[in-house]
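Thanks for coming. Please have a look at the sequence and the structure on the screen, and then I will go through two parts of it.

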Amino acid sequence: MEWFESWFDTPYYHLLYSNRDYTEAENFITKLTQELQLPQSSKIIDLACGKGRHSVFLNKLGYDVLGLDLSQQSIDFDKQFETSTSLSSSEPTLRFKVHDMRNPIDSEPVDAVFNLFTSFGYFDDEKDDRNVFKSVYNALKSEGFFVLDYLNEEYVTKNLVPETTIQRGGIDFHISKKIEGRHIIKDIRFEIDGEPKHFFEKVKLHTLETIENYASECGFERIKIWGDYQLNEFQKEISPRCINLFKKK
Ligand SMILES: C[S@@+](CC[C@H](N)C(=O)[O-])C[C@H]1O[C@@H](n2cnc3c(N)ncnc32)[C@H](O)[C@@H]1O
């Protein structure tokens with residue numbers, strides 16, 4: 001099993017990142033949707049939606065949302081939010097499905113696809129990275145948007161904190177981070193009832209150029225890069241995020 005298939009499917013992942021909550025997601029989505037000016041009822045796919053924090057809020061804003069994720073546990077949790085909020089339609093306007101982003105997306109053409117909070121860069125084979133871009137491209141209407149919220153490799157490398165311990169829900173998560181080749185590796189160790197547990201995250205340090213190449217190969221145009229969740233301009237040296245806005249040509 002690949003690391004991203006097991007780790008994200010555990011309750012410990014959700015506990016460790018529980019400070020990344022709905023408020024953070026809502027503030028970001030409010031700013032992002034204002035920028036994109038998508039009309040109400042636009043169709044949006046939240047690709048790698050996790051526990052649905054962005055999907056649920058997008059739906060509250062009036063969008064028709066499909067949340068997709070590889071983690072069965074997350075999708076089972078998300079299913080509780082699946083309701084029809086549109087008065088004019090009996091179809092639910094918020095749905096969730098298990099889906100591997102390397103595969104083609106089975107949906108009607110959509111207005112936007114969001115891939116948020118570093119949900120990319122997990123695959124060893126470049127072909128898989130390219131397949132993600134292709135699947136997104138094919139799922140979009142012409143002129144549709146793709147938002148890829150990714151890490152800023154330069155910032156991550158410069159600001160790496162090698163060792164930390166984070167306490168959540170009575171568990172001490174001991175975290176060590178290192179750069180190995182073109183990857184950032186986050187090693188996560190903790191104990192449950194005296195039993196040691198060990199997981200890791202391994203994310204590729206894609207450059208702006210690589211991301212741009214993947215996108216342009218498919219026919220995307222990059223129209224904007226923001227550097228943080230307040231949507232300030234991207235600055236390579238100081239921006240914590242690299243939030244790419246692509247448009248299908
Ligand atoms: C860092 S989390 C972000 C989750 C969510 N976007 C958020 O901000 O809360 C990454 C997510 O990617 C999902 N994921 C990992 N590999 C995937 C794949 N091949 N296809 C679809 N989802 C995947 C994980 O299950 C996890 O929910």
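How many bridges join strand β4 to strand β5, and do they run parallel or antiparallel? The answer is five bridges, and the two strands run parallel. Strand β4 covers residues 110–115, and β5 covers residues 140–151. One position to find on screen is Ala-112, which stands opposite Phe-145 in β5. Keep in mind that this is a predicted model.

These two strands belong to an open sheet of seven strands with mixed pairing. Reading across, the order is β3-β2-β1-β4-β5-β11-β10. At the edges sit β3, residues 94–98, and β10, residues 220–226, and each of them pairs on one side only. From one strand to the next, the twist averages 20°.

Helix α6, residues 126–139, packs on this sheet. Helix α6 touches β1, β4, β5, β10 and β11. The direction of α6 makes about 145° with that of β5.

Now the ligand. There are 20 residues around it, and those that come nearest are Tyr-13, Ala-48, Arg-53, Asp-69 and Met-101. Which kinds of residue make up the shell around the ligand? Eleven are nonpolar, six are polar and three are charged.

Three of the polar pairs are worth pointing out. Ala-48 has a backbone N or O atom 2.7 Å from a nitrogen atom of the ligand. Arg-53 uses its side chain: a polar atom there lies 2.7 Å from a ligand oxygen atom. At Met-101, a polar backbone atom is 2.8 Å from a nitrogen atom of the ligand. Taken alone, the ligand exposes 590 Å², and the protein buries 96% of that.

Conventions. Residues are numbered from 1 along each chain as its sequence is written. This is a predicted model: local features need pLDDT of at least 70, side-chain atom pairs count only at pLDDT 80 or more; totals for chains, interfaces and linings use all residues. Side-chain values use heavy atoms; hydrogens and water are left out. A residue is near a molecule or strand if one of its heavy atoms lies within 4 Å of it. A polar contact is a pair of N or O atoms within 3.5 Å; within protein, one must be able to donate a hydrogen and the other to accept it, and residues adjacent in sequence count only if both atoms are side-chain atoms. Accessible areas come from the Shrake-Rupley method with a 1.4 Å probe; for residues, only the protein chains shown count as cover. Ala, Val, Leu, Ile, Met, Phe, Trp, Tyr, Cys and Pro count as nonpolar, Asp, Glu, Lys and Arg as charged, and the others, Gly among them, as polar. Two strands pair if DSSP finds at least two bridges between them. Helices (H or I, at least four residues) and strands (E, at least two) are DSSP runs, numbered from the N terminus. Axes are lines fitted to C-alpha atoms, for helices over the stretch in contact, and angles run from 0 to 180 degrees between N-to-C directions. Contact means heavy atoms within 4.5 Å.
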